[in-house]
Amino acid sequence: MKGTVAVGGMALSQACLFLEGQADVSPHHVENTDAELQRLQTASALCAGELSALIESLRQNAVADQAEILDFQLLLLEDENYMGRIACIVQGEQVNCEYAVARHSQLYREELSALDNPYLNERAADISDIEQRLLRALSRRGKTALPSHPVIAVAQDLTPSQVVELGHGKLEGIILEKGGLSSHCVILARSMGIPCIIGAAGILAQVEQGQPVLLDAEAGEIVPSPDEEAVRRYRQYQEAKQRERQSLEQFRCGKTATADGRTMKVYANITSHLEVPGILEQGGEGVGLLRTEMLYMEQDAPPDEETQFSFYSAIVKGLAGRPLIIRTLDVGGDKSIPYLGIPPEENPFLGYRAIRYCLDHPEIFKPQLAAILRAAALGPVRLMLPMVAAAGEVVRAKEIVAAVRRELEDRGTAAGPVPVGIMVETPAAAVMADQLAGLVDFFSIGTNDLTQYLFAADRNNARVASLNSYFQPALLRMVERICRCAHEKGIEVGICGQAGEVEQLIPLWVGMGVDELSVSIPSIPRVRRRISRCDTAACRELAGRALACISEAEVRKEVEQ
Ligand code: PEP
Ligand code: MG
């Protein structure tokens, strides 16, 4: 079977099917309500035991944020408004627990969502989580279904807490019938390094509980009951992976420096506070790109200042003094947010997006800026503007930042110092980099977009992939120019696009004087190792030769030597 690779890797284990989405929650008459209430009591105790054990283990592993989410769920099990009312439905209407749990959870979710309190609005997701946990516990009738041996989880979809829970146990892989590449579940799997395939429609009907399965999230394949050849492929992969892990161990800590002692930084690209523990574990020195779009995409209305402030401050606290670069809303292109009402466009990647939209919509832009300025009072935060194409956009954005700062002062709300930088990801910004460098505090090169705009080659179109390549000399010349302009004006320059973690290109970035590479969390040690093997003078020479190349093929030859 085929699916979409969401997190690369391979796993071979027994399938553990999660069928809770199919629990029978229709109403059934029950004669003995005392026995039914006893079932509810047992299920609740089981959930409380699971949650307490999990919270304890998260605390021991210093993953306090995740523990707090589960703390709230633990409280729900003692909440009269939640468990008490479920018990009332069972007793009063003489119905089964499953029905009562599902009905009341739905009602409670609606009540919380309707309140004028962002914190409680967000807790609606926890109701779904605890509802599923209770339904699972009810179907288990007292037996723990949490696997004690390695498994590959197979499900329609998983909740964030299921991934956290399974991920700290024996979870080797995840196969989802649904799932989105930017879903919380996938983000967590990525930050935990768990291979994951999504979009495997029909897998639940094809695989049996306990059946051995090979999950090949390199090729996007799922092989139930793999033959000897497939198993051998997996063993080879495992051996190579193990050797790689051992050699990377020493690069999970310490400072980043080249062999000749030039210091650099390796930061992480993230979308959620749930990824912070992963950054610390892999030795990330900060966050070089917080993509904030997901916060907006997950909701039906723009997140208000308070919601954003708690989101950003959770990350600032988790990073414990490491820097955090927050990118303002990069809506548009392939990231559509329906409630913002941007009309359909013929060329959305060239359309009304990111900073262009935000400058026209202060009601959306200002709450985000206020939340960022407030989070900066808690730790080192920088603000980054996406898709800048003209100096005027930077000037106007900085004016709005200054206005928001004054408004916070008037309100008596604390705000911290916030350096303002830009993504250099349009050719216009790259060409004007010498001027723009005088207007901002840092540059971060968005090679994903810069490449597609430079070559007029859609980053999502496989047919133009050879043009849309980070090995193209035209892109390298542009990156070199951006670095030079930044340094001439005395500001730092990073790369937060995917080119930053391409092994063969790292020596070029070192040679061009890039100060920081912001990469996916599991890549942090590998990138630090590659930098540590670089000699700056040799990298400069290599960069010079690559810049003189006429074709992508020539560049590849240079860097692969
Ligand atoms: C980029 O364009 O390189 C980038 C990092 O931003 P995104 O991938 O979110 O467009
Ligand atoms: Mg971009």
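**Exercise 1. In which sense do β2 and strand β3 (residues 151-155) pair, and over how many bridges?**

Conventions come before the solution. This is a predicted model in which local features need pLDDT of at least 70 and side-chain atom pairs count only at pLDDT 80 or more, while totals for chains, interfaces and linings use all residues. Residues are numbered from 1 along each chain as its sequence is written, chains are lettered from A and ligands numbered from 1 in the order in which they are written, and side-chain values use heavy atoms, with hydrogens and water left out.

Step 1. Helices (H or I, at least four residues) and strands (E, at least two) are DSSP runs, numbered from the N terminus. Two strands pair if DSSP finds at least two bridges between them.

Step 2. β2 and β3 are joined in the parallel sense, over five bridges. Leucine 17 stands opposite valine 154 in β3.

Step 3. β2 also has five bridges to strand β6 (residues 212-216), and these two run antiparallel. There, methionine 10 has aspartate 216 of β6 as its bridge partner.

**Exercise 2. Place β2 in its sheet and describe its surroundings.**

Step 1. The open sheet has seven strands in the order β1-β5-β4-β3-β2-β6-β7, with mixed pairing. Its edge strands are β1 (4-7) and β7 (221-224), each of which pairs on one side only. From one strand to the next, the twist averages 30°; axes are lines fitted to C-alpha atoms, for helices over the stretch in contact, and angles run from 0 to 180 degrees between N-to-C directions.

Step 2. β6 and β7 pair in the antiparallel sense over four bridges, with valine 213 opposite proline 224 in β7.

Step 3. Eight of the nine residues of β2 (residues 10-18) are buried, where buried means under 20% relative accessible area, exposed over 50%, and partly exposed in between (1.4 Å probe, protein chains only). Helix α10 (residues 228-248) lies across β2, β4 (171-176) and β6, at about 115° to β2; contact means heavy atoms within 4.5 Å.

**Exercise 3. Identify the pairing partners of strand β9 (residues 263-270).**

Step 1. Two bridges join β9 to strand β8 (residues 256-257), and the pair runs antiparallel. Threonine 256 has methionine 264 as its bridge partner. The two strands form a hairpin with five residues between them, and glycine 261 in the turn has a positive phi of about 95°.

Step 2. Strand β16 (residues 516-519) runs parallel to β9, with four bridges; valine 266 is partnered by leucine 517.

Step 3. Strand β10 (residues 287-291) is also parallel to β9, over three bridges, and isoleucine 270 stands opposite leucine 290. Six of the eight residues of β9 are buried.

**Exercise 4. Which residues coordinate the magnesium ion (ligand 2)?**

Step 1. Donors are N, O and S atoms within 2.8 Å of the metal (3.2 Å for Na, K and Ca); water is not among the atoms, so sites may look incomplete.

Step 2. The magnesium ion is coordinated by Glu425 (OE) and Asp449 (OD), at 2.1 Å. Glutamate 425 lies in the loop between β13 (420-424) and α17 (427-431), and aspartate 449 in helix α19 (residues 447-454), 24 residues apart. Both glutamate 425 and aspartate 449 are buried.

**Exercise 5. Why do cysteine 97 and cysteine 485 form no disulfide?**

Step 1. A disulfide is a pair of cysteine sulfur atoms within 2.5 Å. The structure holds zero disulfides.

Step 2. For cysteine 97, the closest cysteine sulfur is that of cysteine 47 at 12 Å, too far for a bond. Cysteine 97 is buried, at a relative accessible area of 0%.

Step 3. For cysteine 485, the closest is cysteine 483 at 9.3 Å, again too far for a bond. Cysteine 485 is buried at 3% relative accessibility.

**Exercise 6. Check the span of helix α13 (residues 305-319) and its burial.**

Step 1. The expected span is 1.5 Å times one less than the number of residues. For the 15 residues of α13 this gives 21 Å, in agreement with end C-alpha atoms 21 Å apart.

Step 2. 11 of the 15 residues are buried, so α13 is largely enclosed by the rest of the structure. Among them are Phe309, Phe311 and Tyr312.

Step 3. Just after α13, alanine 320 takes a positive phi of about 45°.
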